[in-house]
Amino acid sequence: MATTLKNYLLSNLTAYYAPYATTRPAAMVAYGAAWPVGWTKLGTNKEGSTLSYSYDEYELKTQESKGATIGVKRFNEQAMIKAVLAEFTHTNLILALNGKSVSSVAPGASNGLEVLAVGGSACLPTYAWGFEGEGIDDECQESFFTRIFFHKAVVSTGFESEFKFDDYAGVPLSIKAL
């Protein structure tokens, strides 16, 4: 009788981003350790994340043999990760809203003002994205970490965050691989 091993993700995913074409961390970089130069840690997700992947198939057939399929190719691949970041920071808002930051200090004031400007460009910025989480096997023997990378991706599908008295607001991200 075959044994089925199951692995469970124990931690929330931690999100990172970098300029497109940045080298991803080597496998020897320990879980939770600093990632290489270029990668910025955005924080962990507030609630569960969703990873979706889909594609269409095309059957390859020969002209000489009616109805014989010689292979299948996939096309129109789509991958997306949806998460709500727990850290409601200016940087996370800029990424989620595809905005830009305008910082200023009023004359004579000690506190600065950060303004988030949204809109004005139809082009979505492209980044590399990485997500990291810790897991354990079903016998609680082996701890492992998992990393998911989108080498070229954009933040897509809008933004909605709820401000409530009994819970803190997070920054929703929908990362779409290109």
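**Exercise 1. Is Asn45 buried, partly exposed or exposed, going by its relative accessibility?**

*Task:* Classify Asn45, then work out what surrounds it in this predicted model.

*Solution.*

Step 1. Find the residue. Asn45 sits in the loop that links strand E3 (40–44) to E4.

Step 2. Take its relative accessibility, which is 4%. The cut-off for buried is under 20%, so Asn45 counts as buried.

Step 3. List the neighbours, skipping residues up to four places away in sequence. That leaves Asn12, Leu13, Ala83, Val84, Leu85 and Ala86 touching Asn45.

Step 4. Check what the side chain of Asn45 does with its polar atoms. At 2.8 Å it reaches the backbone nitrogen of Leu13. A polar atom of the same side chain also lies 2.5 Å from the backbone oxygen of Glu47.

**Exercise 2. Sketch the whole chain**

*Task:* Describe the chain by its elements, its burial and its contacts.

*Solution.*

Step 1. Count the elements: you get one helix and ten strands.

Step 2. Put them in order from the N terminus. The run is β-β-β-β-β-α-β-β-β-β-β.

Step 3. Look at burial. The chain has 178 residues, and 29% of them count as buried.

Step 4. Turn to the surface. About 12,000 Å² is exposed, with carbon and sulfur atoms supplying 53% of that area.

Step 5. Now the contacts. Take those with a separation of 6 or more: 64% of them come from residues 24 or more positions apart.

**Exercise 3. Examine Asp56**

*Task:* Place Asp56, classify it and find its partner across the sequence.

*Solution.*

Step 1. Asp56 belongs to strand E4, which covers residues 50–61.

Step 2. Its relative accessibility is 33%. Partly exposed runs between 20% and 50%, so Asp56 counts as partly exposed.

Step 3. Leave out residues up to four places away in sequence, and Asp56 touches Lys73, Arg74, Phe75 and Asn76.

Step 4. Zoom in on Asn76. In sequence, Asp56 and Asn76 are 20 residues apart, yet their C-alpha atoms are 5.8 Å apart in space. Their side chains are joined by a polar contact of 3.0 Å.

**Exercise 4. Why is helix H1 described as largely enclosed by the rest of the structure?**

*Task:* Give the reason, then see what follows the helix.

*Solution.*

Step 1. H1 spans residues 90–97, eight residues in total.

Step 2. Pick out the buried ones: His90, Asn92, Leu93, Ile94, Leu95 and Ala96.

Step 3. Draw the conclusion. Because six of the eight residues are buried, H1 is largely enclosed by the rest of the structure.

Step 4. Move past the helix end. There you meet Asn98, which has a positive phi, near 50°.

**Exercise 5. Set two pockets side by side**

*Task:* Describe the largest pocket and the second largest pocket by volume and lining.

*Solution.*

Step 1. Start with the volumes. The largest pocket holds about 200 Å³ of space, and the second largest has about 160 Å³.

Step 2. Go round the largest pocket. It has 13 lining residues, and nearest its centre are Asn98, Gly99, Ser121, Cys123 and Pro125. H1 gives the largest share of this lining, three residues.

Step 3. Do the same for the second largest pocket. Its lining includes Lys46, Glu47, Val84, Tyr168 and Pro172. You've met two of these names already: Glu47 and Val84 turned up around Asn45.

Step 4. Sort the linings by class:

- Largest pocket: eight nonpolar, four polar and one charged.
- Second largest pocket: four nonpolar, two polar and six charged.

Terms used: Residues are numbered from 1 along each chain as its sequence is written. This is a predicted model: local features need pLDDT of at least 70, side-chain atom pairs count only at pLDDT 80 or more; totals for chains, interfaces and linings use all residues. Side-chain values use heavy atoms; hydrogens and water are left out. Helices (H or I, at least four residues) and strands (E, at least two) are DSSP runs, numbered from the N terminus. Buried means under 20% relative accessible area, exposed over 50%, partly exposed in between (1.4 Å probe, protein chains only). Contact means heavy atoms within 4.5 Å. A polar contact is a pair of N or O atoms within 3.5 Å; within protein, one must be able to donate a hydrogen and the other to accept it, and residues adjacent in sequence count only if both atoms are side-chain atoms. Accessible areas come from the Shrake-Rupley method with a 1.4 Å probe; for residues, only the protein chains shown count as cover. On a 1 Å grid over the protein atoms alone, a cavity is a set of points where a 1.4 Å probe fits but cannot get out, and a pocket is an open set with protein on both sides within 12 Å along at least five of seven lines; lining residues have an atom within 4 Å of a point. Grid points are joined across faces, edges and corners, and a volume is the space filled by probe spheres set on the points. Ala, Val, Leu, Ile, Met, Phe, Trp, Tyr, Cys and Pro count as nonpolar, Asp, Glu, Lys and Arg as charged, and the others, Gly among them, as polar.
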